[in-house]
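Student: Could we go through this one together? I'd like to ask about the surface, the sheet and the confidence.

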Amino acid sequence: MKKVIRLSDKILVNSYCFELMDSRTYMLREGTKALVIDPCEDEQLIEDLQGVSRITVILTHEHYDHISGVNFLKEKFEKRNNERIL
């Protein structure tokens, strides 16, 4: 489930609920830059990152439900952009 909040004309905040573990992922986007907080494995998040050329990831802590999507996000972004991410 996704919820969208518009902070300004340029900044959107998307909230994604990973219901299996009752955890949340947040994505703030401005143009081609995005900030993803506690990524989970969510295809909708990947779709919403279309056109993004730079992603910054913040992990609030290391519980599984807050880090489970890091590799998923990395692999999808690398595949889409045909480049390696460290």
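Student: Is Tyr64 buried or exposed?
Tutor: Keep in mind that we're looking at a predicted model. Residues count as exposed when their relative accessible area is over 50%. Tyr64 has a value of 55%, so it lands in that class: exposed.

Student: Which helix holds Tyr64, and which element has the lowest mean pLDDT?
Tutor: Tyr64 is found in the helix that spans residues 64-67, which is H2. As for confidence, S4 has the highest mean pLDDT of the elements, at 93. At the low end, with a mean of 75, sits H2.

Student: What is the area of the nonpolar surface patch that includes Tyr64?
Tutor: Tyr64 shares the patch with Val57, Leu59 and Ile67. Together these residues make a nonpolar surface of about 350 Å².

Student: Which strands stand at the edges of the sheet?
Tutor: The sheet is open, with 5 strands in the order S1-S2-S3-S4-S5 and mixed pairing. Two of its strands have a single partner strand each, so one side of each is left without a neighbour in the sheet. Those are S1 (2-6) and S5 (54-58).

Student: By how much are neighbouring strands turned against each other on average?
Tutor: Direction is ignored for this angle. For neighbouring strands of this sheet the average is 20°.

Student: In S4, what is the bridge partner of Glu30?
Tutor: Strands of a sheet pair through backbone hydrogen bonds, parallel or antiparallel. Here S3 (residues 23-30) and S4 (residues 33-37) take the antiparallel sense, over 5 bridges. On the S4 side, Glu30 has as its bridge partner Lys33.

Definitions and conventions:
Residues numbered from 1 in each chain as written. Predicted model: local features only at pLDDT ≥ 70, side-chain atom pairs only at ≥ 80, totals over all residues. Heavy atoms only, no water. Pairing = 2+ DSSP bridges. Helix = DSSP H or I, 4+ residues; strand = E, 2+ residues; numbered from the N terminus. Axes fitted to C-alpha atoms, helices over the stretch in contact; angles between N-to-C directions. Patch = residues over 30% accessible without salt bridge, like charges linked within 9 Å, V, L, I, M, F, W, Y side chains within 5 Å. Areas by Shrake-Rupley, 256 points an atom, 1.4 Å probe, with all protein chains shown as cover. Salt bridge = Lys/Arg side-chain N within 4 Å of Asp/Glu carboxyl O. Buried < 20%, exposed > 50% of the residue type's maximum accessible area, 1.4 Å probe, protein only. pLDDT = per-residue confidence, 0-100.
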